Amino acid sequence: MDPLEDEHAPLFTVGQVAEMLAVKQAFLRRVDELRVVSPHRSAGNQRRYTRYEIRVIRQVVTMTDEGMTLPAIRRIIDLEQQLADAIGRLAEVTRHRDELARRLADAHRGLQQSPDDPPRPT
(Lines give C-alpha, C1' and ligand atoms only; values in the text may rest on other atoms or scores of the structure.)
Protein backbone atom coordinates (compact mmCIF):
# COMPACT_ATOMS: atom_id res chain seq x y z
CA MET A 1 0.00 0.00 0.00
CA ASP A 2 1.16 3.49 -0.81
CA PRO A 3 2.26 5.23 2.44
CA LEU A 4 0.29 8.31 1.41
CA GLU A 5 -2.90 6.24 1.34
CA ASP A 6 -2.19 4.37 4.59
CA GLU A 7 -3.81 6.19 7.52
CA HIS A 8 -1.42 4.38 9.88
CA ALA A 9 1.78 5.40 8.11
CA PRO A 10 3.91 7.62 10.40
CA LEU A 11 4.50 10.60 8.12
CA PHE A 12 4.05 13.84 10.05
CA THR A 13 6.46 15.59 12.43
CA VAL A 14 5.51 17.35 15.65
CA GLY A 15 5.93 20.72 13.96
CA GLN A 16 3.70 19.76 11.05
CA VAL A 17 0.95 18.45 13.31
CA ALA A 18 1.18 21.47 15.62
CA GLU A 19 0.76 23.76 12.62
CA MET A 20 -2.09 21.70 11.11
CA LEU A 21 -4.08 21.72 14.35
CA ALA A 22 -2.98 25.17 15.60
CA VAL A 23 -1.64 23.76 18.88
CA LYS A 24 1.69 24.07 20.63
CA GLN A 25 4.29 21.33 20.31
CA ALA A 26 4.29 21.07 24.12
CA PHE A 27 0.59 20.10 23.95
CA LEU A 28 1.45 17.27 21.54
CA ARG A 29 4.26 16.08 23.83
CA ARG A 30 1.82 16.08 26.78
CA VAL A 31 -0.71 14.06 24.76
CA ASP A 32 2.09 11.58 24.00
CA GLU A 33 3.23 11.43 27.66
CA LEU A 34 -0.31 10.54 28.73
CA ARG A 35 -0.42 7.88 25.99
CA VAL A 36 -3.53 9.36 24.44
CA VAL A 37 -1.67 8.64 21.20
CA SER A 38 1.70 6.95 20.83
CA PRO A 39 3.42 8.29 17.73
CA HIS A 40 6.14 6.24 16.11
CA ARG A 41 9.74 7.31 16.50
CA SER A 42 12.07 7.91 13.59
CA ALA A 43 15.65 6.61 13.52
CA GLY A 44 16.61 9.96 15.07
CA ASN A 45 14.01 9.42 17.86
CA GLN A 46 11.68 12.12 16.52
CA ARG A 47 7.93 11.65 16.81
CA ARG A 48 6.11 10.78 13.60
CA TYR A 49 2.33 10.97 13.57
CA THR A 50 -0.14 9.08 11.40
CA ARG A 51 -3.31 10.52 9.89
CA TYR A 52 -5.28 8.38 12.33
CA GLU A 53 -3.38 9.87 15.31
CA ILE A 54 -3.96 13.36 13.95
CA ARG A 55 -7.72 12.67 13.91
CA VAL A 56 -7.52 11.51 17.54
CA ILE A 57 -5.55 14.62 18.51
CA ARG A 58 -8.13 16.80 16.73
CA GLN A 59 -10.77 15.13 18.93
CA VAL A 60 -8.58 15.79 21.99
CA VAL A 61 -8.28 19.47 21.04
CA THR A 62 -12.06 19.75 20.76
CA MET A 63 -12.57 18.11 24.17
CA THR A 64 -9.94 20.30 25.86
CA ASP A 65 -11.63 23.35 24.34
CA GLU A 66 -14.80 22.12 26.07
CA GLY A 67 -12.95 22.10 29.40
CA MET A 68 -12.03 18.42 29.76
CA THR A 69 -8.71 17.38 31.25
CA LEU A 70 -6.24 15.24 29.34
CA PRO A 71 -6.53 12.32 31.82
CA ALA A 72 -10.33 12.39 31.40
CA ILE A 73 -9.95 12.49 27.63
CA ARG A 74 -7.57 9.55 27.72
CA ARG A 75 -10.12 7.58 29.73
CA ILE A 76 -12.86 8.40 27.23
CA ILE A 77 -10.67 7.32 24.32
CA ASP A 78 -9.74 4.10 26.15
CA LEU A 79 -13.42 3.36 26.77
CA GLU A 80 -14.28 4.09 23.14
CA GLN A 81 -11.58 1.62 22.05
CA GLN A 82 -12.86 -1.01 24.48
CA LEU A 83 -16.37 -0.52 23.11
CA ALA A 84 -15.15 -0.86 19.52
CA ASP A 85 -13.27 -4.06 20.46
CA ALA A 86 -16.37 -5.47 22.20
CA ILE A 87 -18.53 -4.67 19.17
CA GLY A 88 -16.01 -6.46 16.95
CA ARG A 89 -16.02 -9.52 19.20
CA LEU A 90 -19.83 -9.48 19.31
CA ALA A 91 -19.98 -9.40 15.50
CA GLU A 92 -17.62 -12.38 15.36
CA VAL A 93 -19.67 -14.35 17.91
CA THR A 94 -22.83 -13.50 15.95
CA ARG A 95 -21.25 -14.83 12.73
CA HIS A 96 -20.27 -18.06 14.53
CA ARG A 97 -23.76 -18.41 16.01
CA ASP A 98 -25.37 -17.93 12.60
CA GLU A 99 -23.05 -20.52 11.04
CA LEU A 100 -23.84 -23.03 13.80
CA ALA A 101 -27.58 -22.39 13.39
CA ARG A 102 -27.26 -23.01 9.65
CA ARG A 103 -25.36 -26.26 10.24
CA LEU A 104 -27.90 -27.38 12.83
CA ALA A 105 -30.78 -26.66 10.44
CA ASP A 106 -28.97 -28.61 7.68
CA ALA A 107 -28.41 -31.54 10.03
CA HIS A 108 -32.03 -31.42 11.19
CA ARG A 109 -33.28 -31.50 7.60
CA GLY A 110 -31.01 -34.48 6.96
CA LEU A 111 -32.49 -36.37 9.92
CA GLN A 112 -36.04 -35.68 8.74
CA GLN A 113 -35.48 -37.50 5.44
CA SER A 114 -36.56 -41.13 5.48
CA PRO A 115 -33.93 -43.65 4.41
CA ASP A 116 -35.89 -44.34 1.19
CA ASP A 117 -36.07 -40.62 0.23
CA PRO A 118 -33.51 -39.38 -2.25
CA PRO A 119 -31.06 -36.92 -0.69
CA ARG A 120 -32.19 -33.29 -0.77
CA PRO A 121 -29.82 -30.66 -2.09
CA THR A 122 -28.50 -28.31 0.60
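By the cut-off used here (a side-chain nitrogen of Lys or Arg within 4 Å of a carboxyl oxygen of Asp or Glu), the count comes to 11 salt bridges. Keep in mind that this is a predicted model, where local features need pLDDT of at least 70, side-chain atom pairs count only at pLDDT 80 or more, and totals for chains, interfaces and linings use all residues. Residues are numbered from 1 along each chain as its sequence is written, and side-chain values use heavy atoms, with hydrogens and water left out. Helix and strand labels follow DSSP runs (helices are H or I, at least four residues; strands are E, at least two), numbered from the N terminus.

**Salt bridges**

- Let's start in helix α4, where Glu99 and Arg102 pair up through their side chains at 2.6 Å, N to O.
- Why can these two reach each other along the helix? Glu99 and Arg102 sit three residues apart in α4, so about one helical turn separates them.
- Glu99 also has a salt bridge to Arg103, with the closest N and O atoms 3.0 Å apart.
- Here the spacing is four residues within α4, which again means a separation of about one helical turn between Arg103 and Glu99.
- Zooming out, a network of salt bridges links Glu99, Arg102, Arg103, Asp106 and Arg109.
- For exposure, the bins are buried (under 20% relative accessible area), exposed (over 50%) and partly exposed in between, using a 1.4 Å probe and protein chains only.
- Glu99 is partly exposed at 28% relative accessible area, and Arg102 is partly exposed too, at 42%.

**Asp32 and its surroundings**

- Asp32 belongs to helix α2 and makes a salt bridge with Arg41 through the side chains, at 3.6 Å, N to O.
- Is each partner buried or exposed? Asp32 is buried, with just 5% relative accessible area, while Arg41 comes out partly exposed at 41%.
- Once neighbours within four places in sequence are set aside, Asp32 is in contact (heavy atoms within 4.5 Å) with Val37, Ser38, Pro39, Arg41 and Arg47.
- Arg30 is also in helix α2, and its 38% relative accessibility makes it partly exposed.
- Measuring C-alpha to C-alpha, Arg30 and Gly88 are 30 Å apart in space and 58 residues apart in sequence.

**Nonpolar core**

- A nonpolar core here is a set of buried Ala, Val, Leu, Ile, Met, Phe, Trp, Tyr and Cys residues joined through side-chain atoms within 4.5 Å.
- The largest one has 21 residues, and those with the most contacts inside it are Phe27, Leu28, Val31, Tyr49, Ile57 and Val60.
- Four helices each supply at least two residues of this core: α1 (14-21), α2 (25-33), α3 (51-65) and α4 (70-112).
- Which helix gives the largest share of the core? That would be α3, with six residues.
- Ile57 touches Val17, Leu21, Phe27, Leu28, Val31, Val37 and Tyr49, leaving out residues up to four places away in sequence.

**Largest pocket**

- The search runs on a 1 Å grid over the protein atoms alone: a pocket is an open set of points with protein on both sides within 12 Å along at least five of seven lines, whereas a cavity is a set where a 1.4 Å probe fits but cannot get out.
- Grid points are joined across faces, edges and corners, and the volume is the space filled by probe spheres set on them; the largest pocket comes to about 260 Å³.
- Its lining takes in 15 residues (each with an atom within 4 Å of a point), and Val36, Tyr52, Val56, Ile77 and Gln81 lie nearest the centre.
- Two elements, α3 and α4, give two or more residues to this lining, and α4 has the largest share, with five.
- By type, the lining divides into six nonpolar, six polar and three charged residues; Ala, Val, Leu, Ile, Met, Phe, Trp, Tyr, Cys and Pro count as nonpolar, Asp, Glu, Lys and Arg as charged, and the others, Gly among them, as polar.

**Backbone oddities**

- Most residues other than glycine have a negative phi.
- Ala22, in the loop between α1 and α2, has a positive phi of about 55 degrees.
- Ala22 counts as exposed, at 71% relative accessibility.
- Asn45 also has a positive phi, near 65 degrees, and lies in the loop between β1 (40-41) and β2 (47-48).
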